[in-house]
Amino acid sequence: MRDASIVSDPSLPARVRIVEVGPRDGLQNEPSFVSTGTKVELIERLIDAGVSYIEAASFVSPKWVPQMADGADVLTRVGRRDGVTLAALVPNLTGLDAAIAANCEEVAVFAAASERFSQKNINCSIAESIERFAPVIARATAAGLRVRGYVSCVLGCPFEGAIAPGQVASVAERLYRLGCYEISLGDTIGAGTPNKTRAMLDACAQRVPVSALAGHFHDTYGMAIANVYAALQSGVSTFDSSVSGIGGCPYSPGATGNVASEDVVYLCDELGIETGIDLAKLAHAGGFISDALERRTSSRVARALDGKRRRREATPV
Ligand code: HMG
Ligand code: MG
């Protein structure tokens with residue numbers, strides 16, 4: 001629960017929207033298949049914690065990303081609730097049609113700011129990917145689905161190194177003009193720092209309204225939460241995060257998971273920013289998936305809360 005003594009900083013957004021990407025970004029790179037039942041239970045626990053937007057699956061080639069092959073089953077089995085959006089990643093029309101058939105409420109297309117990453121990830125150039133997305137966005141919009149757009153490698157590429165902020169802004173603008181309502185800026189390799197984050201966001205905000213930009217930070221160098229704070233100061237109010245900090249991209253060698261959702265919610269709570277999410281319940285959902293993956297949580301906040309609980313239980317009354 002939020003501390004009533006916390007005074008909000010008026011220069012920061014009053015409310016943050018969390019896009020929970022754990023079931024998709026978090027699990028897509030797991031080497032052993034995570035059962036459909038576990039994925040469904042994770043999503044339902046996240047919803048119980050108050051998470052209202054969940055990227056639940058991706059409809060990509062199962063040869064490229066076998067872990068996401070059960071996307072249709074996941075979306076069919078999750079109990080739908082008012083006010084909760086279940087979204088999926090789609091790379092082409094085949095993926096979009098599968099997402100619509102599975103009753104998906106929103107989709108996301110994904111481009112990159114780096115040519116080599118684009119080739120590795122979706123087997124085409126940046127320009128070809130934009131051409132491929134145009135009919136996807138048009139068909140999704142005609143079917144009543146909103147479309148998010150991702151730009152990967154916004155603060156560095158595993159194959160090309162540094163990426164110019166202007167290049168990120170150019171790809172973000174192209175997706176926005178095609179009809180994506182929001183552009184999620186992905187630090188795929190987690191190499192960003194607050195200064196670089198600000199410079200990249202400044203460049204993007206010249207071409208896309210800042211209200212339509214989202215931060216998607218991976219935590220490889222432990223800078224993700226600092227980058228979230230820098231982005232908040234730049235006016236960004238939507239952040240992608242994964243419960244327990246799970247994840248990584250199969251085409252980004254060495255990169256770790258996203259910033260942990262628990263850490264973002266704790267930061268927001270402490271800054272007096274609303275998220276609508278119950279931190280204790282979220283940490284339980286993180287405990288569930290950490291146990292299922294037989295791995296310790298990557299969330300520093302979840303570890304601290306767990307330690308506090310254990311000390312309390314060990315203290316004789
Ligand atoms: P391709 O091989 O060039 O495509 O792959 P293709 O059209 O020639 O199709 C090859 C085969 O895949 C065919 O099957 C198609 O039917 C099938 P076959 O004839 O060989 O049996 N296929 C599909 N099957 C199911 N669903 C589909 C689909 N499309 C084709 N939608 C393709 C191109 C884009 C399909 C492939 O490269 C792909 O699936 N890539 C996905 C890679 C991926 O999911 N990466 C991780 C997500 S991105 C990410 O994590 C970054 C992000 O988090 C942000 C950040 O952190 O920066 C978003
Ligand atoms: Mg990612």
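How do the residues of the shell around ligand 1 divide into nonpolar, polar and charged? The legends below address this question and describe two sites in a predicted model.

**View 1. The shell around ligand 1.** The shell residues divide into 12 nonpolar, 12 polar and four charged. In total, 28 residues surround ligand 1, and those that come nearest are Q28, K63, N121, N123 and T188. Several elements each supply at least two residues of this shell: the helices α1 (22-26), α4 (93-101) and α5 (115-122), together with the strand β5 (146-152).

**View 2. Polar side chains at ligand 1.** In the side chain of R24, a polar atom lies 2.9 Å from an oxygen atom of ligand 1. The side chain of S152 places an N or O atom 2.9 Å from an oxygen atom of ligand 1. For H218, the distance between a side-chain N or O atom and an oxygen atom of ligand 1 is 3.1 Å. On its own, ligand 1 exposes 1100 Å², of which the protein buries 72%. The space that ligand 1 takes is the second largest pocket.

**View 3. The magnesium ion (ligand 2).** Three protein donors lie 2.0 to 2.4 Å from the magnesium ion: D25 through OD, H216 through NE2 and H218 through NE2. Along the sequence, these donor residues follow the spacing D-x190-H-x1-H. Distant parts of the chain are thereby linked, with D25 in helix α1 and H218 in the loop between β7 (213-217) and α9 (224-233), 193 residues apart. H218 thus appears in two views, as a donor of the magnesium ion and with a side-chain atom 3.1 Å from an oxygen atom of ligand 1.

Note on methods. Residues numbered from 1 in each chain as written. Chains lettered and ligands numbered in written order. Predicted model: local features only at pLDDT ≥ 70, side-chain atom pairs only at ≥ 80, totals over all residues. Heavy atoms only, no water. Near = heavy atom within 4 Å. Polar contact = N/O pair within 3.5 Å; in protein donor to acceptor, adjacent residues only side chain to side chain. Areas by Shrake-Rupley, 256 points an atom, 1.4 Å probe, with all protein chains shown as cover. 1 Å grid on protein atoms, 1.4 Å probe; cavity = no way out; pocket = protein on both sides within 12 Å on 5 of 7 lines; lining within 4 Å. Sits in = over half its atoms within 2 Å of the grid points. Helix = DSSP H or I, 4+ residues; strand = E, 2+ residues; numbered from the N terminus. Nonpolar A, V, L, I, M, F, W, Y, C, P; charged D, E, K, R; others polar. Donors = N, O, S within 2.8 Å, 3.2 Å for Na, K, Ca; no water.
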